[in-house]
Amino acid sequence: MDRLHKLQTAFKPFATLSVFLSSKQEHDNALEFDAISAAVRQSTGYPLTVEDLALIKGMLGPHVLDIASSQKPNQFQFKINFSALPTNDLPKRTKRPRTSSAEVSPVQLITRLIDSFAAAVKRLSSVENLEQTLEALVQTNMPLSRSTKSKCQTRTIEELIEMLCRNQIGGSGQLVTTATRVLPARPAEYQTPPPIDPAIQEALKSRDITRLYTHQAQAIGSISQNKHTVVNTATSSGKSLIYQIPILQTLLSNPQARFLLLFPTKALAQDQEHSLKQLVAQIPQLQVYVDTLDGDTPNTKDCPERQLISERAQIILTNFDTLHTSMLPNVPRWHAFWTRLHLVVIDELHIYQHAFGQHVSHILSRLQRFAHPQFVACSATTSNPGEHLAELCSLDPESVNIIDQNGAPQGQRTMMLWDSQTQKLPFSDTTLISSHILSSGLRAVVFCRTRHACELVFREIADYIEQHYDLLANKAAQVVCYRGGYALSERRDIEQRLFNNQIQIVVATSALELGIDVGALDIALIVGAPHSQSSLWQQSGRAGRRNRSCLTLVVAETSPLDRRIVSQHCELFEQQFAPAHISTDSSISTAHLQCAAFERPLDRKYDCAFALQLHKDLLDPDNVPLPWDRATNSWCCALSFKPWPPLLVPIRSSHNDNDRLLWQVLVLPSLRVLEEMDTWRAQFTLYEGAILFYQGQAFGIHSIDVDSRLAMSSVTDVSWFTRASSRLDIVPVSTERAVKLTDTKWICSGSVSISSTVVGYSRVDTRTKRIIEYVPLPQTYPHTTSANGIWIDLSLADLQLLTNSKCNRLLTLHSDIQLSST
């Protein structure tokens with residue numbers, strides 16, 4: 001406090017001299033600090049230093065005081081933005097625009113400066129660890145001399161890493177030094193591609209692309225030879241060009257060709273549409289229509305945009321949901337497009353695995369009944385890209401050309417593990433590390449496992465900024481939250497601000513994991529170990545784009561998975577990706593067989609190969625679950641699937657039709673729609689007494705209308721969040737396979753019914769994560785779905801034996817399953 005008192009004494013002559021000298025400047029020129037400092041010292045005896053000037057800047061805010069290096073060596077200048085000062089000297093009821101310094105007397109300006117500084121001193125007087133806060137303000141706002149400014153505009157990645165190594169960041173956690181891995185920078189490797197049209201070359205030059213990386217040149221050569229091609233290189237390695245160039249090359253010679261680009265998300269498709277249109281705009285002689293088709297594309301009589309796209313678009317960017325539900329079933333509208341289809345691009349190939357991958361495989365098989373395109377795929381995190389593409393598209397693996405030698409440059413990437421063992425009050429290690437990132441001027445993405453965790457981290461960072469305003473002034477607008485469930489316009493706005501470097505930290509779920517261009521980020525801060533190596537490297541790849549050095553920091557929490565990662569971290573940062581595979585669920589195959597028969601009846605002569613791809617043999621009528629039409633000698637779609645079979649075949653959720661129904665959260669009293677969510681998520685999020693977070697703001701759920709799928713909410717301010725407790729019932733429905741273990745015990749697999757019911761919720765303190773109280777819920781709605789499962793059939797005698805032994809029956813059964821399956 002002594003330092004502040006001395007500085008406050010020196011501030012009055014500092015403010016007086018600054019105002020009068022500024023009023024005499026003709027062009028609002030900067031003031032020389034050394035001259036002001038000497039005058040203040042002569043007046044008060046206090047030696048005003050450049051550190052004091054930095055502290056004044058931190059207290060008033062950078063919008064009021066700006067410091068820059070002087071033309072003279074090791075000297076500095078400063079400017080005061082008087083229009084940014086509060087206008088407390090005006091009458092309270094006077095309403096007029098803020099006056100400029102030229103319209104206000106010097107005495108008024110001096111008073112405003114002194115009052116603003118006094119208010120800042122008052123705010124700081126209540127701060128704990130005052131000396132540490134003052135020093136942080138000095139370090140954050142300390143100007144750089146001209147000799148060092150070009151080398152270090154902000155704190156560097158290396159400096160931040162050094163602070164992590166010294167455990168100078170965070171709370172009670174610590175760095176797991178033995179887990180640290182450094183990937184050295186790698187220069188670019190170039191190769192001359194096959195001949196490219198001069199017009200395309202000029203368009204590439206407008207984007208500062210004069211040479212192609214080795215993997216780009218090799219892939220373009222493979223595609224030009226009409227080979228099915230998969231490119232498996234690191235994130236941000238320029239994979240988009242490998243299909244953009246061949247597409248434009250083909251359209252220059254054949255404008256009637258059509259191209260289908262498939263992406264896993266709407267955001268990624270629209271990002272690629274923007275990039276492709278920019279490239280096309282640089283080729284005047286090429287008249288190409290590029291359009292995105294997805295669930296947001298209007299389709300009304302007044303706006304028949306979908307029909308226009310099907311008629312005119314040469315390049316369509318879409319997703320498998322739209323291909324499945326809108327394009328393939330509407331055969332007459334899309335017939336002309338299919339007959340001209342030349343190439344299909346599948347981006348983010350590793351996404352299409354397991355049940356979702358099986359759906360995608362069957363959709364592509366249905367597509368190949370109408371067209372025979374060339375397939376091109378891109379991925380970054382799979383160990384069997386060629387095999388997986390062949391499995392998805394029903395291709396001969398030998399016909400797939402694999403390009404996996406990355407020629408793109410890479411900056412140095414440091415990967416570290418932070419063990420956040422216990423919760424340090426009042427803020428978590430993630431928040432404290434984020435605050436250092438904010439003050440350093442670096443840019444970061446903070447990945448969280450769930451939407452709820454994403455909102456809690458964002459809210460905590462916002463609270464920290466509010467409590468440390470003097471240290472992080474004007475930083476609140478630099479932090480945003482990004483997740484699924486936000487309105488489309490909100491997500492697009494955040495994506496654009498990220499791309500334009502207007503956001504310093506984005507707290508996100510895996511919704512930002514895929515490759516939309518979010519500009520140059522320095523740090524990927526991953527809260528909780530990702531569930532797979534693929535996810536870890538996808539998230540890590542969001543930082544360090546554009547050949548910059550970067551940091552990946554995994555913050556391990558208290559979950560069992562995170563504890564295991566900390567104790568066995570040797571392979572955490574190894575690039576060992578699991579092979580990608582798809583499921584072989586007969587019910588999924590049967591459902592897509594119905595969709596295919598709706599699109600065009602199945603002919604025994606022409607559709608045998610297609611049916612075999614869906615594991616059905618048309619030569620065996622007993623194996624075809626479709627009605628036979630004697631008039632056309634073909635199999636047709638069952639009436640139970642009509643009028644539009646794809647609506648009964650969800651490709652991203654379970655077989656339960658109710659899962660696809662959306663719930664709406666309405667805000668009282670305006671009844672505006674806050675958020676929409678599917679039935680499964682709504683069950684564990686929307687119940688009376690629940691707290692829902694949206695962009696950091698808490699909303700309390702008052703009432704639930706199950707029939708209308710509506711939840712009523714209102715803004716609230718609480719220091720806790722809610723966590724649902726549920727009961728899970730699993731009942732076998734049908735047995736597909738059974739293996740006898742003993743005379744009284746069988747291990748079985750087949751279809752099971754899963755019913756979950758929320759029976760209550762806990763109120764959990766936001767800071768300590770301790771349960772405040774448990775609240776039972778007497779009336780909730782059950783959620784039922786189906787899946788494939790494994791179980792053990794026991795006799796009553798075995799159950800009685802377990803009961804008499806006084807052991808934990810659930811743990812015993814679990815162990816029995818583990819032993820039986822080995």
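How many helices and how many strands are there in the chain? With the whole chain displayed, you are looking at a predicted model, in which there are 26 helices and 30 strands. Of its 822 residues, 49% count as buried, and the surface that the chain exposes comes to about 39300 Å², with carbon and sulfur atoms supplying 51% of it. Among the contacts with a separation of 6 or more, 73% are between residues 24 or more positions apart.

Before selecting anything, colour the chain by confidence. The average pLDDT is 85, and 89% of the residues score at least 70. Two stretches call for caution: over residues 144–153 pLDDT stays under 50, and the model has 12 contacts beyond four places in sequence for them, while residues 816–822 also stay under 50, with 6 such contacts. Where pLDDT is low, the predicted coordinates should not be read in detail.

Next, select Phe14, Met59, Phe78, Leu113, Val507, Leu551 and Leu553, which are the residues with the most contacts inside the largest nonpolar core, a set of 95 residues. Centre the view on Phe78 and, leaving aside its neighbours within four places in sequence, look for its contacts, which include Phe14, Ala30, Phe33, Leu53 and Ile67, as well as Ser18 and Asp66. Apart from this core lies another, of 72 residues, and Leu183, Ile220, Val345 and Leu417 are among them. In soluble globular proteins, nonpolar side chains tend to be buried together.

Now move to strand β15, residues 479–482, where Val479 and Cys481 point one way and Val480 and Tyr482 point the other way, although all of them are buried. From β15, follow the chain through helix α19, residues 488–499, to strand β16, and you will have traced a right-handed β-α-β crossover. The two strands run parallel and are joined by 4 bridges, and within β16 the bridge partner of Cys481 is Val507, a residue you already selected among those with the most contacts in the largest core.

The next stop is helix α20, residues 533–540. Is Gln539 in this helix buried or exposed? Gln539 counts as buried because its relative accessibility is 7%, which is under the 20% cut-off. Beyond its neighbours within four places in sequence, Gln539 is in contact with Phe447, Glu513, Ala524, Ile526 and Pro530. The rest of the helix repays a look as well, since 8 of the 8 residues of α20 are buried, and what covers them includes the strands β5, β13, β14, β17 and β18.

Finish with some details of the backbone. Most residues other than glycine have a negative phi, and most peptide bonds are trans. Select Asn226, in the loop between α9 and β6, and check its phi, which is near 60° and thus positive; at 55% relative accessibility, Asn226 counts as exposed. Then select Glu348, in the loop between β10 and α15, where phi is near 55°, again a positive value, but here the residue counts as buried, at 9% relative accessibility. For the peptide bonds, go to the loop between β21 and β22, where Pro643 has its place, and see that the bond from Lys642 to Pro643 is cis, with omega near 15°. Last, in the loop between β22 and β23 you will find Pro669, and the bond leading to it from Leu668 is also cis, with omega near 0°.

Definitions and conventions. Residues are numbered from 1 along each chain as its sequence is written. This is a predicted model: local features need pLDDT of at least 70, side-chain atom pairs count only at pLDDT 80 or more; totals for chains, interfaces and linings use all residues. Side-chain values use heavy atoms; hydrogens and water are left out. Buried means under 20% relative accessible area, exposed over 50%, partly exposed in between (1.4 Å probe, protein chains only). Two strands pair if DSSP finds at least two bridges between them. A crossover is right-handed if, with the strands pointing away from the viewer, the path from the first strand over the helix to the second runs clockwise. pLDDT is the predictor's confidence in each residue, from 0 to 100. Contact means heavy atoms within 4.5 Å. A nonpolar core is a set of buried Ala, Val, Leu, Ile, Met, Phe, Trp, Tyr and Cys residues joined through side-chain atoms within 4.5 Å. Accessible areas come from the Shrake-Rupley method with a 1.4 Å probe; for residues, only the protein chains shown count as cover.
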